[in-house]
Amino acid sequence: GKDENADKVSVSTENFSVTNAGMAYFFQSSYQSLLQYMEYYGMSADSVGLDISKSLKEQDCSFVDGTWYDYIMDSDVKNTVKQILSICEAAKAAGFELTEEQKKTIETQFSTLVSYAQQENLSPDKYIAKIYGEAVTSDVVYNMMELSLYASAYIEHCVNNADISDAALESKYNENPDKIDTTDFIIISLD
């Protein structure tokens, strides 16, 4: 059955929060990205001592003191979630709202999931539980998609409205190429 801890808040800021089930959603997304990354670079799970058929909580990770679950949670998921929530707070403070078109993006992403579920003859909730774990429902997935989009749309809004020319960015980058990393575009202090 469903874990009664699923709805407990795991990470929160003043106006936004992510429950344990939401963390499970982000965890699974991060894990899938890691597997895709490894596949892209031709690395097998075996080569890093990972058995994808077993629970990540039961497998020690070779390069950290802890399990694969701890590694993914600590190295990526917690930071990602804190970053998303911080950006959402900044967006809310700025009075930023998603456009109708952006809201449709979430609908589209979600209906893609629903169509995958139908292909496997499963209800959306059953399909989502299969991918993300028992605790994760379609409501959780929808809300986390919305939270992620709200954050990324706000970043895009800030970039598009920033008074910085490409040339200025280019010269900043050339002065300091290791200081700008597009994957970690916004770094927010959470102290």
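Is Cys88 buried or exposed? In this predicted model, Cys88 is buried, because its relative accessible area is 0%. Cys158, by contrast, is partly exposed, with a relative accessible area of 31%. A disulfide is a covalent bond between the sulfur atoms of two cysteines. The structure, however, holds zero disulfides.

With the two cysteines placed, the overall fold can be laid out. The secondary structure of the protein chain comes to six helices and two strands, and these elements, read along the sequence, follow the pattern β-β-α-α-α-α-α-α. The protein chain has 191 residues, of which 31% count as buried. If one takes the contacts between residues at least 6 apart in sequence, 61% of them join residues at least 24 apart.

Helix 1, which covers residues 20–40, is a good place to begin the walk through the elements. Its 21 residues reach 30 Å from the first C-alpha to the last, close to the 30 Å expected at 1.5 Å a residue. The buried residues of this helix are Ala21, Gly22, Met23, Tyr25, Phe26, Phe27, Gln28, Ser30, Tyr31 and Met38, and the partners against which the buried residues of helix 1 pack are strand 1 (9–12), strand 2 (17–19), helix 2, helix 4 (124–132) and helix 5. After helix 1 comes Gly42, whose phi is positive, near 70°.

Helix 5, one of those packing partners, spans residues 138–160 and includes Ser138. Ser138 counts as buried because its relative accessible area is 15%, a value under the 20% that sets the limit for burial. When neighbours within four places in sequence are left aside, the residues in contact with Ser138 are Phe110, Asp125 and Ile128.

The charged side chains come next. The structure holds four salt bridges, among them one between Asp51 and Lys54, whose closest N and O atoms are 3.6 Å apart. Asp51 counts as partly exposed, because its relative accessibility is 26%. Another of the salt bridges joins Asp74 to Lys78, with the closest N and O atoms 2.9 Å apart. Both residues lie in helix 2 (residues 68–93), where they are four residues apart, about one turn of the helix. An α-helix has 3.6 residues a turn, so residues three or four places apart point the same way. Asp74 is partly exposed at 43% relative accessibility, and Lys78 likewise counts as partly exposed, at 35%.

A comparable arrangement is found in helix 3 (residues 100–119), where Glu100 and Lys103 are three residues apart and therefore separated by about one helical turn. Glu100 forms a salt bridge with Lys103, and the closest N and O atoms of this pair are 3.6 Å apart. Glu100 counts as exposed because its relative accessibility is 54%, whereas Lys103, with a relative accessible area of 36%, is partly exposed.

The aromatic side chains complete the picture. A search of the whole structure finds 12 aromatic pairs. One of them is formed by Phe63 and Trp68, which meet edge-to-face, with 5.4 Å from centre to centre and 85° between the planes. Phe63 counts as partly exposed, at 46% relative accessibility, while Trp68 counts as buried because its relative accessibility is 2%. Trp68 also pairs edge-to-face with Tyr71, at 5.7 Å centre to centre and with 90° between the planes. Trp68 and Tyr71 both belong to helix 2, in which they lie three residues apart, about one turn of the helix. Tyr71, at 23% relative accessibility, counts as partly exposed.

Elsewhere, Phe16, Phe96, Tyr150 and Tyr154 form one aromatic cluster. A ring also takes part in an arrangement with a charge, since the charged end of Lys57 sits over the ring of Tyr69, 4.6 Å from the centre of that ring.

Technical notes
Residues are numbered from 1 along each chain as its sequence is written. This is a predicted model: local features need pLDDT of at least 70, side-chain atom pairs count only at pLDDT 80 or more; totals for chains, interfaces and linings use all residues. Side-chain values use heavy atoms; hydrogens and water are left out. Buried means under 20% relative accessible area, exposed over 50%, partly exposed in between (1.4 Å probe, protein chains only). Contact means heavy atoms within 4.5 Å. The expected span of a helix is 1.5 Å times one less than its number of residues. Rings of Phe, Tyr and Trp (its six-membered ring) pair if their centres lie within 6.5 Å; planes under 30 degrees apart count as stacked, over 60 as edge-to-face and the rest as tilted. A charge sits over a ring if NZ of Lys or CZ of Arg is within 6 Å of the ring centre and within 35 degrees of the ring normal. A disulfide is a pair of cysteine sulfur atoms within 2.5 Å.
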